[in-house]
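Visitor: Hi, I have a new structure open and I'd like a quick tour. Can we take it topic by topic?

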Amino acid sequence: MIPLLVLVGLALRISLSKRRIFFRQDRVGLDGKTFSILKYRTMEHDRRVATLAFDGSERRICHKSDNDPRHTSVGRLLRKFSV
């Protein structure tokens with residue numbers, strides 16, 4: 001399991017070119033207590049980048065879509081195989 005996580009990290013490092021490969025997300029757990037979780041970054045770092053063909057107006061169409069232009073190439077594979 002650990003070798004797979006290391007390989008995924010290396011693939012993300014190469015594809016994201018010096019951007020962070022993890023991001024921290026706060027979740028609500030048992031009894032309403034919040035905790036932080038680290039997740040692999042599968043989408044572009046800044047969703048407002050002008051080079052992306054997505055302006056957020058059609059979120060219902062792109063949300064959970066396989067063709068979302070914000071996904072990175074490695075991110076598509078990670079999402080496909082639920083890594």
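Visitor: In which sense do strand β1 and strand β2 pair?
Guide: Antiparallel, over seven bridges. Strand β1 covers residues 22–28 and strand β2 covers residues 34–40. Two strands pair if DSSP finds at least two bridges between them. Helices (H or I, at least four residues) and strands (E, at least two) are DSSP runs, numbered from the N terminus.

Visitor: Anything to know before I trust the details?
Guide: This is a predicted model: local features need pLDDT of at least 70, side-chain atom pairs count only at pLDDT 80 or more, and totals for chains, interfaces and linings use all residues. Residues are numbered from 1 along each chain as its sequence is written, and side-chain values use heavy atoms, with hydrogens and water left out.

Visitor: Back to the strands. Which residue stands opposite Q25?
Guide: I37 in β2. D26 has S36 in β2 as its bridge partner.

Visitor: And what is special about the phi of D31?
Guide: D31 has a positive phi of about 60°, although D31 is not a glycine. D31 sits in the loop between β1 and β2. That hairpin has five residues between the strands.

Visitor: Is D31 buried or exposed?
Guide: Exposed, with a relative accessible area of 69%. The cut-offs: buried is under 20% relative accessible area, exposed is over 50%, and partly exposed is in between (1.4 Å probe, protein chains only).

Visitor: Zooming out, what pattern does the chain follow?
Guide: Along the sequence, α-β-β-α-α. That comes to three helices and two strands. Of the 83 residues in the chain, 23% are buried.

Visitor: How many aromatic pairs turn up in the whole structure?
Guide: One. F22 and Y40 are stacked, at 5.1 Å centre to centre with 20° between the planes. F22 lies in strand β1 and Y40 in strand β2, so the pair ties together parts that are 18 residues apart in sequence. Rings of Phe, Tyr and Trp (its six-membered ring) pair if their centres lie within 6.5 Å; planes under 30 degrees apart count as stacked, over 60 as edge-to-face and the rest as tilted.

Visitor: Are those two rings buried or exposed?
Guide: Y40 is buried, at 17% relative accessible area. F22 counts as partly exposed, at 37%.

Visitor: Which residues make up the largest nonpolar core?
Guide: Seven residues: V8, L12, L16, I21, Y40, V74 and L78. Helices α1 and α3 (73–80) each supply at least two of the core residues. Helix α1 gives the most, with three. A nonpolar core is a set of buried Ala, Val, Leu, Ile, Met, Phe, Trp, Tyr and Cys residues joined through side-chain atoms within 4.5 Å.

Visitor: Now the outside. Which residues make the nonpolar surface patch?
Guide: M1, L4, L5, L77, F81 and V83, with about 630 Å². L4 is in helix α1, residues 2–16. L4 counts as partly exposed, at 42% relative accessibility. Patches are made of residues with over 30% relative accessible area and no salt bridge (a side-chain nitrogen of Lys or Arg within 4 Å of a carboxyl oxygen of Asp or Glu). Like charges are joined within 9 Å, nonpolar side chains (Val, Leu, Ile, Met, Phe, Trp, Tyr) within 5 Å. Accessible areas come from the Shrake-Rupley method with a 1.4 Å probe; for residues, only the protein chains shown count as cover.

Visitor: Last one. Where does R19 lie?
Guide: In the loop between α1 and β1. R19 is partly exposed, at 35% relative accessible area. The C-alpha atoms of R19 and R41 are separated by 9.5 Å, with the two residues 22 apart along the chain.
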